[in-house]
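Subject: The structure, and what turned up in it

Hi,

Here is the structure I promised to pass on. Have it open while you read, since the notes below go through it piece by piece.

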Amino acid sequence: MKSPTLTFCGGCGGTTGSNYLLETETTRILVDCGLHQGSSFGERHNYEPFPYNPREIDAVFITHGHVDHIGRLPQLVKAGLTCPIYSTAPTNDVAEFLLLDSAHLLEEEARKKKHAPLYHVEDVAATLSIWRTVPYHTPVAVGDITATLYDAGHILGSASILIEAGGKRTVFSGDLGNMPEPL
């Protein structure tokens, strides 16, 4: 059995735009799919095509609800993603509000700069329709990959994600900190 392949598709050379592709011979998952934020250079990256085919992804796992980790999900769904998106329930709850706000801000910015927005409110609704919640410490099997979410202590519902595939274990920490959580 060939070892899994990990491709850094965002969150490299900066601290925003988190997006990782993990592939085995039969399964492809993403961890996070965030907006690049903070500079016009970074924000231009948001308009580049994804370096993978969204229709070929089997699952997406989300570390937490900040826009630099979830902000391109509606764009990904608009581009053809139909598989489940997994996170904790609190992350799903906050994602709804942040993605709707993001859609409005992106539409306003697009009007000012006279270009098409990355996505619309309808794309957010489509994204939320395929979103599934999973408790901490509950393994989720997708093909030959198993993912388990653990409390990351960053914000309510944030998770580090243990991925097990091909006899290898990889942890995606997401953002860490604020331990112990007040809530």
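What follows is a walk through the overall make-up, one helix, one sheet and the salt bridges.

One thing before you start: this is a predicted model, and everything below was computed from it.

**The whole chain**

The protein has five helices and ten strands. It has 183 residues, and 47% of them are buried. If you look at contacts with a separation of 6 or more, 59% of them are between residues 24 or more positions apart.

**Helix α4**

I'd start with α4, which runs over residues 89-113. It has 25 residues and covers 36 Å from its first C-alpha to its last, close to the 36 Å expected at 1.5 Å a residue. There is still a kink in α4, of about 25°, and its centre is A95.

A95 also turns up among the buried residues of the helix. The others are T91, N92, L99, S102, A103, L106, E107 and A110. What do the buried residues of α4 pack against? On the helical side the partners are α2 (67-70), α3 (73-78) and α5 (121-129), and on the strand side they are β5 (85-87) and β6 (131-133).

Have a look just past the end of the helix too: K114 comes just after α4 and takes a positive phi of about 55°.

**The sheet from β7 to β10**

Next is an open sheet of four strands, in the order β7-β8-β9-β10, with antiparallel pairing. β7 (140-142) and β10 (168-172) are the edge strands; each has a single partner strand, so one side of each has no neighbour in the sheet. From one strand to the next, the twist averages 25°.

Taking the pairs in turn, β7 and β8 are antiparallel and share three bridges. A141 is the residue to find here, as it stands opposite T146 in β8. The two strands form a hairpin with two residues between them. G143 is in that loop, and its phi is positive, near 60°. Is G143 buried or exposed? It counts as exposed, at 69% relative accessibility. You can also use G143 to get your bearings relative to A165: the two are 22 residues apart in sequence, and their C-alpha atoms are 9.6 Å apart in space.

On to β8 (residues 145-151) and β9 (residues 159-165), which run antiparallel and are joined by seven bridges. Two places to check the register are D151, which stands opposite A159 in β9, and Y150, which stands opposite S160 in β9.

**Salt bridges**

Since you'll probably ask about charges: side chains of opposite charge can pair when their charged atoms come close. How many salt bridges does a search of the whole structure find? It finds five, and here are some of them.

- E23 and R28 meet through their side chains at 2.8 Å, N to O. R28 counts as buried, at 16% relative accessibility, while E23 is partly exposed, with a relative accessible area of 21%. The cut-off for buried is under 20%, so R28 at 16% falls inside it and E23 at 21% does not. These two also belong to a network of salt bridges that links E23, R28 and E56.
- K112 and E108 form a salt bridge at 3.5 Å, N to O. This one takes you back to α4: both residues lie in that helix, four residues apart, which is about one turn. K112 is exposed, with a relative accessible area of 64%, and E108 is partly exposed at 38%.
- R169 and E164 form a salt bridge at 3.9 Å, N to O. R169 is exposed at 59% relative accessibility, and E164 is partly exposed, with a relative accessible area of 31%.

If you only have a few minutes, I'd look at the kink at A95 in α4, then the β7-β8 hairpin with G143, and then the network of E23, R28 and E56.

Shout if anything is unclear.

Cheers

Methods
Residues numbered from 1 in each chain as written. Predicted model: local features only at pLDDT ≥ 70, side-chain atom pairs only at ≥ 80, totals over all residues. Heavy atoms only, no water. Expected span 1.5 Å × (residues − 1). Bend = angle between axes of the 7 residues up to and from the residue. Buried < 20%, exposed > 50% of the residue type's maximum accessible area, 1.4 Å probe, protein only. Contact = heavy atoms within 4.5 Å. Salt bridge = Lys/Arg side-chain N within 4 Å of Asp/Glu carboxyl O. Pairing = 2+ DSSP bridges. Axes fitted to C-alpha atoms, helices over the stretch in contact; angles between N-to-C directions.
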